[in-house]
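I am opening my notebook to write down what I looked up, one entry at a time. Come along and keep the model in view as you read.

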Amino acid sequence: MSNRETQVGLKEVRQQVLAGTQVIQNLIPPTVSYTTEGNVLVIGPEDLARLAADKLSHMGKCAILANEAITSQDEAHLELVMTAAENVESYYNKLIEVKGFLGQFQVKVEHEEGSADLSVVAIRKPHFDLILDLSMSPCINLEMLPPGYFYVGQDQVKLAEALEQLPGLIGEFDKPRYVKVNSDICAHSRNGNEGCNRCLNFCPADAIASVEKKIEIDPYLCHGAGSCTNACPTGAISYDLPTPQSMHTYLNKLVTRFRSQAQVAPVVLFHDIGKGAELVTEQLVGDIIPIEMEEITVASVDHWLSSLAWGARQILILNTDATAPTLTQMLNSELALANDILDEMGQPRRISLIGEHHLTEAGADELSELLTTSASWPVIVPAEFTATTKRETLYEAIDHLNEQAASVDTCLSQSNIPYGRVSVNTESCTLCMSCVATCPTGALTDGGDQPALHFVEQDCVQCGLCEAGCPEKVISLTPQVNLDKAARQARQTLHEEPPFECITCGTPFATQSMVKRMLEVVGTHSAFSANTERLKMCGDCRVKDMFEDILQDPEQQLR
């Protein structure tokens, strides 16, 4: 069979598999609604802003904020400006802040020794619905701009596109509520201590905030980039369209069915729903399965490695110039970690980032070389595990891929990753269990009836809450990926000691080191200086001893 015939056959299999496999979606997905009356604020040089406003007469109310000098003194140009949008008022107040989204833009300007909402002053409304920004630099400086904000600068093509889109933004609109937060397993904050901030560092739309020590996501600003769900080590932030479980099931079915029908290990290509989707055509090589996502960062290291464990031979991620720089930064970091894990266990570096040119005629040879190389790699026997939680699925994939390679039991040390171990300075630890109280994942547990501190490395997300909450400052963290499955899953005893028994009744009530510390620190206090032996008693015996003293000398409390 010729290569051409082989490709035709693979493409037919791919088409059948894609057509017969669907992502299980929520029948009634959660949404958020925007309502607009079409009230527009045009920001920029007054001449350009007025000419643009002249083309918005069919919109709602309109105002101009002239924040830059006129761009041309040409008489013909100025004559056009003078007769344009005659009913639209211009304001020259200094801009303080623009925030909000479609239907709810708040624009604060300097006004009479203070500040004012420009919408109230200009159009007698509590907000603007839309903003058309012709400034040299955008007034909202975000990689992913809020819906309803059109930054065109002085680009006439972008201006024409914006003027065409604006009339369609009057009325009520729904969009998906892309992600949800489970605060119960969030590692951001516990007991007043600050821990994980990973999601806050990677949102290109500035839709995530820490509000009263809890992570909150503004669904009106969220673009569904998925960087927060990608960065979250506990799964507290999860994508909802599709859910993590649905996405893993979909990947499993695609890879398994393609492999079964084509007798070839497929290559999985993740691409975004926008520019990436435009580049993926029927001409795509037959053994590549394209997976469309809202943004490429919706898929993370657990999706990549589990796809490999289920039988894919290679993962490709299509990055385009439409991807926000923050997302590209995160992608490169996660990709390097995933490939380092594969490299450590003796697997080929099976995950690659490709660009737009790889899917054009000019880059076809480069893509062909990538595919030819991966076709020669050792075949992975498909794993049989079912995806559960984010971390369990990731470790299932890592362990399977390791078993298929060198079965190493080493640790890969990396900085700033949510995997690793906790160490305790046992000489100073009093087993107060503050660390156990703050641990969001149960990686740290107490010894029950016996004074002990236990730890399971696989559950640790390196959030730092235990370190921050330790009053004795005896805890340190070591970020690493432990490829020794047994050691990683085992319950380790970080510290233990015999209990201190009450000198009166013999009941264990504290640790030896805790009582020693109390004697050193509290024993000199006036409340105990007369009888430090009470510090060696349990609570009940201590109270009884105090009352016996009072009964013997009732007036001692008055002296």
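**Entry 1: three strands in a row**

I began with an open sheet of three strands, ordered E5-E6-E7 and paired antiparallel. The model is a predicted one, so I keep that in mind throughout. Which strands sit at the edges here? I found E5 (95–99) and E7 (114–117) there, each pairing on one side only. From one strand to the next, the twist averages 20°.

Next I followed the pairing of E5 with E6 (residues 106–111), an antiparallel pair joined by four bridges. I noted two partners across it: Val98 has Val107 as its bridge partner in E6, and Leu95 stands opposite Val109. The hairpin of E5 and E6 has six residues between the strands, and Gly100 in the turn shows a positive phi of about 125°.

Then I moved on to E6 and E7, which pair in the antiparallel sense over four bridges. Lys108 has its bridge partner in E7, namely Asp117. How many residues lie between the strands in this hairpin? I counted two, and Glu112 takes a positive phi near 45° in the hairpin.

A reminder to myself: strands of a sheet pair through backbone hydrogen bonds, in either a parallel or an antiparallel way.

**Entry 2: five strands, parallel**

My second sheet is also open, with five strands in the order E4-E3-E2-E8-E9 and parallel pairing. E4 (89–91) and E9 (149–151) each have a single partner strand, so one side of each lacks a neighbour in the sheet. I read an average twist of 20° from one strand to the next.

I looked at one pair in this sheet: E3 (residues 62–68) and E4 pair in the parallel sense over three bridges. Ile64 stands opposite Ser90 in E4.

Which strands does helix H2 (residues 46–53) lie across? I found E2 (40–45), E3, E4 and E8 (130–133), with H2 running at about 150° to E2.

**Entry 3: a strand, a helix, a strand**

Here I traced E19 (residues 314–318) and E20 (residues 351–354), which run parallel and are joined by four bridges. Leu318 has Ile354 in E20 as its bridge partner. Is the crossover between them right-handed or left-handed? The chain goes from E19 through helix H10 (residues 325–345) to E20, and this β-α-β crossover is right-handed.

I checked the length of H10 too. Its 21 residues reach 31 Å from the first C-alpha to the last, close to the 30 Å expected at 1.5 Å a residue. Just after H10 comes Gly346, with a positive phi of about 95°.

**Entry 4: the two sides of a helix**

Helix H11 (residues 364–375) has twelve residues, which at 1.5 Å a residue should span 16 Å; the end C-alpha atoms are 16 Å apart, in agreement. Which residues of H11 are buried? I listed Leu367, Leu371 and Ser374. These residues cover an arc of only 65° around the axis, which puts them on the same side of H11. The general rule helped me here: an α-helix has 3.6 residues a turn, so residues three or four places apart point the same way.

Turning to the face away from the buried side of H11, I found the exposed residues Asp365, Glu369 and Thr372. What covers the buried residues of H11? The cover includes strand E17 (267–272), strand E18 (288–293) and E19, and E19 is the strand I had already met in the crossover.

**Entry 5: one glutamine**

I then picked out Gln480, which is found in strand E25 (residues 475–482). Is Gln480 buried or exposed? With a relative accessible area of 6%, Gln480 falls under the 20% cut-off, and is therefore buried. Leaving aside neighbours within four places in sequence, I noted its contacts, among them Cys411, Leu412, Tyr419, Arg421 and Glu457.

**Entry 6: a last hairpin**

My final look-up was the pair E27 (residues 499–501) and E28 (residues 508–511), antiparallel over three bridges. Pro499 stands opposite Thr511 in E28. Six residues lie between the strands of this hairpin, and Gly506 takes a positive phi near 85° in the hairpin.

Conventions. Residues numbered from 1 in each chain as written. Predicted model: local features only at pLDDT ≥ 70, side-chain atom pairs only at ≥ 80, totals over all residues. Heavy atoms only, no water. Pairing = 2+ DSSP bridges. Right-handed = clockwise from strand over helix to strand, strands pointing away. Expected span 1.5 Å × (residues − 1). Buried < 20%, exposed > 50% of the residue type's maximum accessible area, 1.4 Å probe, protein only. Arc of directions from axis to C-beta. Contact = heavy atoms within 4.5 Å. Axes fitted to C-alpha atoms, helices over the stretch in contact; angles between N-to-C directions.
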